[in-house]
Amino acid sequence: MLAFLIRRISQSVMVLLVMSVLVFVGVFYIGNPIDILIAPDATPAEYARAVKELGLDKPMLDQYWIFLKDAVHGDLGNSFVYNEPALKLILQRMPATMELAVTAMLMAVFIGIPLGMLAGIKHDTMLGRSIMRFSILGFSLPTFWVGLMFIILFSVQLGWLPSGGRGTTVELLGVPVSFLTWDGIQHLILPAMNLALFKTSLAIRLSRAGVQENLQMDYVKFAKAKGLSNTRIIGLHVMKNIMIPVITVLGMEFGGLIAFAVVTETIFSWPGMGKLVIDSIGVLDRPVIVAYLLITVTMFIIINLLVDIIYSILDPRVRLGDHN
Amino acid sequence: MRKKLLLTLAIVACFAIGATVAQAKTLTLGLKGEPTSLDPHFHNVSANNMQALYIFDKLIRQDNRQKLQPGLAVSWTPVSDKIWEFKLRKGVKFHDGSPFTAEDVKFTLERIPNVPNSPSSFTGFVSTIKNIDIVDANTIRFTTEQPSPLLPRQLAAFTIISKKNAEGASTADFNSGKAAIGTGPYSLVKWDRGDKITYKRNDAYWGEKLPWDEIVVRPITNDGTRVAALKSGDVDLINFVPPADVKHLEKDSKIHLSESPSTRLIYLHLDSDRDDSPTVTGNNGEKIKNPLKDPRVRKAISKAINRKAIAARIMDGLAVPASQMVPDGYEGTSTRLMPEAYDPKGAKKLLAKAGYPDGFKIIIHGPNDRYVNDSDIAQAVAQMLTKIGIKTEVSTMPKSVYFGRASKLEFSLMLLGWATDTGEQSNCLASLLHTYDAEKGFGSANRGRYSNELLDSTLEEALVTVDNDKHNNLIIKATEIGIGETGIVPIHYQVNVWGMKKGLDYNGRTDGYTIPREIVSGK
């Protein structure tokens, strides 16, 4: 276990290092942020001053070396655009994204799994087929289009829900959250639904396949023969068996959910990290882009590690990192 | 029993009405851009400069046609060629109650060149000032190196901060609100980054009556979402209504639109100085001497462009064909210049005269995420040029890549935009048409490297001529030279549209700003 952890962490550090080099070099070669940030009538002297002040006059290797030295001390640099620490800017925005992603994930689990099971049990009925059609739609419709349709339907036509923004927030343990006020919840519903759509469809498919597979199994036949009620067989025994793959996949997908939030956040002007990074890419604000990707990759690494560990606990046949 | 019930109802009704009257009046704005900072001198970019006007005031205001109007200064006069005297408004107080004096002006001007890590500073606006002398609390004199007719224009570019509250303050202190204490119509309550900025009315404001107790600014960058926010009633007013949405919003009985021409010029820059131009080739792909050096070829390109068609079809009518660099009626604009008429036959003749009867090949480069319909305009221009024999390919790219490459002179023919913040023409002449001169700071955006000695000397003379009429005449002369030789090809000025709830009105501004104190409440 310990050897596994050490190996895994050193691999992760390598991944982070390689990623930072790729992003750094990539953004460096796209262009100079000053070309976009500076007033167009600025004199060459003013241009040179701005370039020097942001340290962009140094060779790329020097810039990377400075970045690396600071990064080791936990400083990912100041944003060129906001003149505040990139890490701080991202952490400020993180609660909004996490709240959105968690809400979307809960929606996917609590709507997707029951619907999927229902579709599995009643697979040759009208209901089962409708659920599957819905999941195909959920898979194939582009997120940004669905988001706009939600706004047109629920905000503009029906006037039920606000079209964007985060609404009133209250502090929970020092972190601003929306879900504790009615206004905040109203603002949360549409973007969360938008973000949840794809994962809900995924959960439907996974649990439907799981139910169908399990219903053929001997233990189900045995339980039936024993005279157990259908509710008990499905609600307890089948449920338990389909949960392992569903939770594993959804757990891994959680990282993707945070990354996918970019589109939803832009459409609903949700003040999360995704919107910040999109704006930053537009103006080549390298410190923010690099910091965002480092944080996202770290998050992916941690989630994967946790999934691996939990899996080995759930299933004793799996041994961590034991290939021999 | 019945009476009692009625009485109760009446009392309840009274409370209900009382409650609505007492409720704070809030105006919610949905704006396209979010400022990068609330430090008014950190980043010279329009989203920041506009937000600064909520909290702070300028010495000299620009009205909605960018004419100069008294602000914190009530008058400004040249005492001699190199000295300007400004009389300051008396009795003005900052949000914390401290009085506004000449000390604050001096402090602001001295801070401007020293804002750390500024990606685009205001230093250029104050660099001509050699000495600042405080005569008394309400009088201040600026001594300049050279006679400086543009000084009032330059001092109308930025806002004044409080010495008491901002001494030693960092950009972060402004963002948190600690140092963001101005004399302006609203004071900052809170900035929730990415979500909203909340302001409350400054009851001691020296200027206009302000109908709203509270202003909430929500940054909504996505055009579709911004329009939806207005239609659903989440916001009261939006800026930059996309041209494609104007028609259906006009039919909406709950929405009122207003439009205003802007100083945003869309133009072509042509590589007019080098013999060897990167994307020009002969008809068979062979290398040729750069034809764009010949003013006749440039004129032919200008004549080939159907400006009315671009304005009507591509811009849905939300553009005004341009004859020069700032719209008619601005200071220093020539009344003799007209938008070049669409004349493909004349263009072909000019090409033949210049020695290109069969034209040549070229690539037009442009951004695809910077100006309204930018890549469509580039497409249209390419088709129009191909019609007169200049076979034109189109290449567009994101602004993050485009501007850097354009400044490195990698293009031959490029689509660009220019907005004149100072509201007069010398700014464009100096940046776009004056010969490139890094030392003197001229021609910084002259990506075609057009050069004409007479234009240079005329402009340089104008910039040190304090007499207003003489100054303007020189500017007009320089403009006519540059446009006469087609140093740039002006296409059109964008028209901006604001959308708002019925009952509100906004005249719109040529600089595109949305300023709450100019929004009229019908009720």
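**Exercise 1. Determine what share of the residues of chain A counts as buried, and describe the chain as a whole.**

Solution. Of the 324 residues of chain A in this predicted model, 48% count as buried, where buried means under 20% relative accessible area. The model being predicted applies to every value below.

Step 1: the surface. Chain A exposes about 16200 Å², and 71% of this area is supplied by carbon and sulfur atoms.

Step 2: the extent. The C-alpha trace of chain A spans about 85 × 60 × 35 Å along its principal axes.

Step 3: the elements. Chain A holds 12 helices and 2 strands. Read from the N terminus, their order is α-α-α-α-α-α-α-β-β-α-α-α-α-α.

Step 4: the contacts. Of the contacts in chain A between residues at least 6 apart in sequence, 73% join residues at least 24 apart.

Step 5: the charges. The side chains of chain A include 24 positive and 22 negative ones, and the centres of these two sets lie 15 Å apart.

**Exercise 2. Establish which strands of the open four-stranded sheet in chain B stand at its edges, and why one side of each is left without a neighbour.**

Solution. Step 1: the order. The 4 strands of this open sheet in chain B follow one another as β5-β6-β8-β7, with antiparallel pairing.

Step 2: the edges. In chain B, β5 (73-80) and β7 (129-136) each have a single partner strand, so one side of each lacks a neighbour in the sheet. From one strand to the next, the twist averages 20°.

Step 3: an inner pair. Strands β6 (residues 83-88) and β8 (residues 139-144) of chain B pair in the antiparallel sense over 5 bridges. Here B:W84 stands opposite B:F142 of β8(B).

Step 4: the packing helix. Helix α3 (residues 102-111) of chain B packs on the sheet and touches β6, β7 and β8 of chain B. The direction of helix α3 makes about 165° with that of β7(B).

**Exercise 3. Explain why strand β14 of chain B is described as largely enclosed, and identify strands that pair with β14(B).**

Solution. Step 1: burial. In strand β14 (residues 255-270) of chain B, 13 of the 16 residues are buried; therefore the strand is largely enclosed by the rest of the structure.

Step 2: one partner. β14(B) pairs in the antiparallel sense with strand β19 (residues 488-501) of chain B over 12 bridges. B:E259 has B:V497 in β19(B) as its bridge partner.

Step 3: another partner. Strand β18 (residues 413-419) of chain B runs antiparallel to β14(B) and is joined to it by 7 bridges. In this pairing, B:L265 stands opposite B:W418 of β18(B).

Methods. Residues numbered from 1 in each chain as written. Chains lettered and ligands numbered in written order. Predicted model: local features only at pLDDT ≥ 70, side-chain atom pairs only at ≥ 80, totals over all residues. Heavy atoms only, no water. Buried < 20%, exposed > 50% of the residue type's maximum accessible area, 1.4 Å probe, protein only. Contact = heavy atoms within 4.5 Å. Areas by Shrake-Rupley, 256 points an atom, 1.4 Å probe, with all protein chains shown as cover. Lys, Arg positive; Asp, Glu negative; His and termini not counted. Charge placed at Lys NZ, Arg CZ, Asp CG, Glu CD. Pairing = 2+ DSSP bridges. Axes fitted to C-alpha atoms, helices over the stretch in contact; angles between N-to-C directions.
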